[in-house]
Amino acid sequence: MNKHPNTPPVKQYLMLLGVFLAIVALSAASAAAELSAAHNLRIELVPAEKKLIGYDDITIQTAASKILAFRVSQNLTQVEVVVGNDQRDFELMNGRLQLNLEPHEQTAQLRIGIRYSGIFDDPVPARPLNTDNPGYGVTGTISSKGTFLLAGAGWYPELIDSRATYRVTVEAPAGLIAVTAGRSRGHITENEKTVSIWEVDYPVQGLALSAARYVVEEKSVGPVTAATYLLPQNQHLAGAYLGATAGYIALYSDLFGAYPFQKFAVVENFFPTGFGFPSYTLMGGTVLRLPFIVHTSLGHEIAHCWWGNGVYVDYATGNWSEGLTSYVADYLFKEMKSEKAARDARRQWLRNYATLVRPDEDFALARFQSRNNPVTQTIGYDKSAMVFHMIRQLVGEESFWGGLRDLYRARLYRPTSWTDLQRTFENRGQRPLQNFFDQWVYRKGAPRFSLDAVSAEHTGQGWRITGKITQDRPGYDLPLTLALETGQQTISQKISVSGRETFFELNSAAAPLRLTADPADDIFRRLAPSEIPPAVNALKSSSSVVTVLADQLDPALEKAARTLALSLGLKHNKFIAENELNRQLLVDSDILIIGRPRQADVLKNAPAAVDIRSESFTLDNSVYNQPSDAFFGVFTHPYAKNRVAALFMPLSPQYADIVAAKITHYGKYSYLAFQNGNNQAKGFWPVAASPLIYEWDRKTEDEKVRR
Ligand SMILES: [Zn+2]
């Protein structure tokens with residue numbers, strides 16, 4: 001199937017006499033039917049002028065449209081439009097190029113030529129601090145360092161409401177290689193120009209383009225080409241990325257069905273981004289050099305080739321693709337590592353939800369579009385992944401993975417909704433899921449439940465344990481596992497929870513020691529405050545922090561204190577000296593102490609696992625006593641409920657500033673230890689109590705036996 005016309009570009013162009021009709025927002029009432037367009041796009045990059053010159057020769061099946069509307073950059077100049085062989089008037093405003101069609105053109109195959117040039121000069125951040133937006137707000141820039149053009153930059157005329165295919169020819173100064181979606185038709189350098197040709201023969205939702213002085217390496221994975229486009233200084237990373245890419249393509253082809261594209265490329269950007277596009281990922285060099293990326297983000301971006309960039313998202317009904325991709329990539333890798341790693345990941349989702357999503361900021365998963373802050377990230381990625389986990393528990397392994405294969409086969413390149421996912425799992429699992437989707441996808445919130453009225457009774461044969469699960473309104477229907485530990489074994493029983501109270505009964509031969517509801521964290525819920533160990537995030541989301549400089553603090557550490565406050569984004573933060581700290585200030589705020597305080601009571605809730613001395617600290621039995629060592633810990637507040645007291649204690653100013661800038665990246669952790677500026681230990685304080693755990697006092701039970 002070749003959708004690309006091989007005929008040469010239209011030969012003649014008449015100069016258009018500058019007709020820019022500024023007609024008030026005449027929206028393109030384009031036909032409901034989908035248009036199809038085959039673009040033969042030629043781009044010349046002029047980095048010295050931050051400019052591109054484009055000519056797009058488009059063959060369009062018009063499907064009864066009176067108007068054709070194209071999305072383009074607002075900065076285009078020298079625009080000319082030719083229909084057939086004739087120049088045509090058009091309107092160009094607010095990033096839209098429109099032309100009216102003659103009656104005989106309205107149901108025809110039309111050949112349209114659009115010539116244009118444009119300057120793309122978004123400022124590029126050198127060292128961005130905020131990571132919520134993967135492109136840092138940049139949509140298009142052409143420079144001597146590199147070219148970065150997102151579909152939204154309007155660097156080519158994108159026919160609105162169309163299914164489009166492309167042949168893209170990019171001409172650039174010698175050595176500048178261009179990359180986009182689709183299949184590479186090679187890169188040729190001649191006459192001081194490098195020409196890169198790409199073909200995209202599946203319908204994409206917008207094309208992005210990158211160009212730089214890349215070194216290209218390729219590796220075959222069956223019919224697919226794995227490729228790296230790296231700058232020379234990072235060329236040594238190519239082998240690791242090609243090997244890992246091949247592994248992920250094989251893994252997911254087995255799980256979901258054949259990889260949908262001809263290539264997957266790891267492309268280096270000249271500023272730090274993390275983008276996933278159909279058939280390639282675009283990451284900054286500093287990101288690519290991080291040793292964990294091949295094991296985490298790379299797999300995530302490749303999984304998106306099936307989910308999001310292969311099976312498209314019907315955004316009007318919510319974005320399911322981030323949750324599914326997180327589940328079949330980030331989470332699945334944990335599961336492949338160990339049962340414990342998987343459980344820890346689920347627990348972390350619950351902690352994120354409890355600490356980052358306040359009930360008044362919560363929203364239904366079906367309303368998630370994309371992440372732009374911790375709340376949207378937690379709902380759209382973490383809660384969503386947990387919903388897929390619960391579907392898998394409900395329908396079983398066979399139906400879950402089989403359902404995803406069905407979905408991929410049926411919906412490739414088609415906008416797909418939560419309803420399509422629901423139908424797929426209903427068909428495979430042979431059970432209705434309307435109630436499940438209503439409560440988890442279309443309703444906001446999460447259940448809060450607890451284990452109540454638990455009692456054990458010695459019977460003739462053994463023990464009868466009774467109790468109930470109590471939940472707040474609105475009640476959820478959910479399958480819940482109860483695990484009863486005795487001295488000899490663990491007895492598991494599944495119950496169906498619904499409504500305000502659900503009663504249960506278990507039987508055991510031996511005396512019960514401990515009863516746990518949902519022991520593996522298989523259910524999405526809002527954790528109780530007692531289940532959330534204090535963490536760095538508590539400071540980041542605090543409404544008021546007092547930063548206390550300990551008495552006799554090395555003045556050189558004050559700079560590190562300011563770096564720390566800045567990188568944590570502390571709000572209403574106030575710096576004071578330890579001798580200014582009074583009881584009122586202490587009670588009204590979260591506290592961040594820099595250096596070992598003289599007043600020991602502010603740290604009185606530090607757990608037994610940590611011991612703070614003046615020239616050393618001990619953490620989980622490891623002693624840190626080198627000047628380059630640093631401790632950071634968050635404890636429950638000594639005097640105020642729901643507040644925290646944190647301690648930042650570098651043993652010397654050496655590396656203190658570097659460590660101070662890193663702490664914000666460990667938001668979920670309770671404690672951190674650094675050596676020579678590198679993280680050495682991190683973890684959570686043990687959970688104090690849980691409403692889902694009931695423990696018997698051994699003695700009482702023995703007494704009961706005697707009675
Ligand atoms: Zn993603």
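This is a short tour of a predicted model, moving from a metal site to aromatic pairs, charges over rings and a strand.

**The zinc site**

Select the zinc ion together with H300, H304 and E322. These three residues are the ion's protein donors, through NE2 of H300, NE2 of H304 and OE of E322, and they lie 2.0 to 2.1 Å from the zinc. Along the chain the donors follow the spacing H-x3-H-x17-E. Now colour helix α3 and helix α4 (residues 321–337): H300 belongs to α3 and E322 to α4, so this pair links distant parts of the chain, 22 residues apart. Are H300 and E322 buried or exposed? H300 has a relative accessibility of 9% and counts as buried. E322, at 13%, is buried as well.

**Aromatic pairs**

Next, show the rings of Phe, Tyr and Trp. The whole structure holds 47 aromatic pairs. One of them is F256 with W307, an edge-to-face pair with 5.2 Å between the centres and 80° between the planes. F256 is in helix α1 (residues 238–256), while W307 is in the loop between α3 (297–303) and β22 (312–313); the two are 51 residues apart and join distant parts of the chain. F256 is buried, with a relative accessible area of 1%, and W307 is buried at 0%.

Then move to Y259 and F261. Their rings also form an edge-to-face pair, 5.6 Å centre to centre and with 85° between the planes. The relative accessible area of Y259 is 8%, which makes it buried. F261 is buried too, at 4%.

**Charges over rings**

Select R351 and F684. R351 lies over the face of the F684 ring, 3.9 Å from the ring centre. For a second example, select R583 and Y639: the charged end of R583 sits over the ring of Y639, at 3.9 Å from its centre.

**Strand β28 and its partner**

Finally, select residues 501–508, which make up strand β28, and show the side chains. Which of them point to the buried face? T502, F504, L506 and S508 do, whereas E501, F503, E505 and N507 point to the other face and are not buried. The side chains therefore alternate along the strand.

Add strand β25 (residues 463–471) to the view. It runs antiparallel to β28, and eight bridges join the two strands. To look at one bridge, pick T470, whose partner in β28 is E501. E501 is one of the residues on the face of β28 that is not buried.

Definitions and conventions: Residues are numbered from 1 along each chain as its sequence is written. This is a predicted model: local features need pLDDT of at least 70, side-chain atom pairs count only at pLDDT 80 or more; totals for chains, interfaces and linings use all residues. Side-chain values use heavy atoms; hydrogens and water are left out. Buried means under 20% relative accessible area, exposed over 50%, partly exposed in between (1.4 Å probe, protein chains only). Helices (H or I, at least four residues) and strands (E, at least two) are DSSP runs, numbered from the N terminus. Two strands pair if DSSP finds at least two bridges between them. Rings of Phe, Tyr and Trp (its six-membered ring) pair if their centres lie within 6.5 Å; planes under 30 degrees apart count as stacked, over 60 as edge-to-face and the rest as tilted. A charge sits over a ring if NZ of Lys or CZ of Arg is within 6 Å of the ring centre and within 35 degrees of the ring normal. Donors are N, O and S atoms within 2.8 Å of the metal (3.2 Å for Na, K and Ca); water is not among the atoms, so sites may look incomplete.
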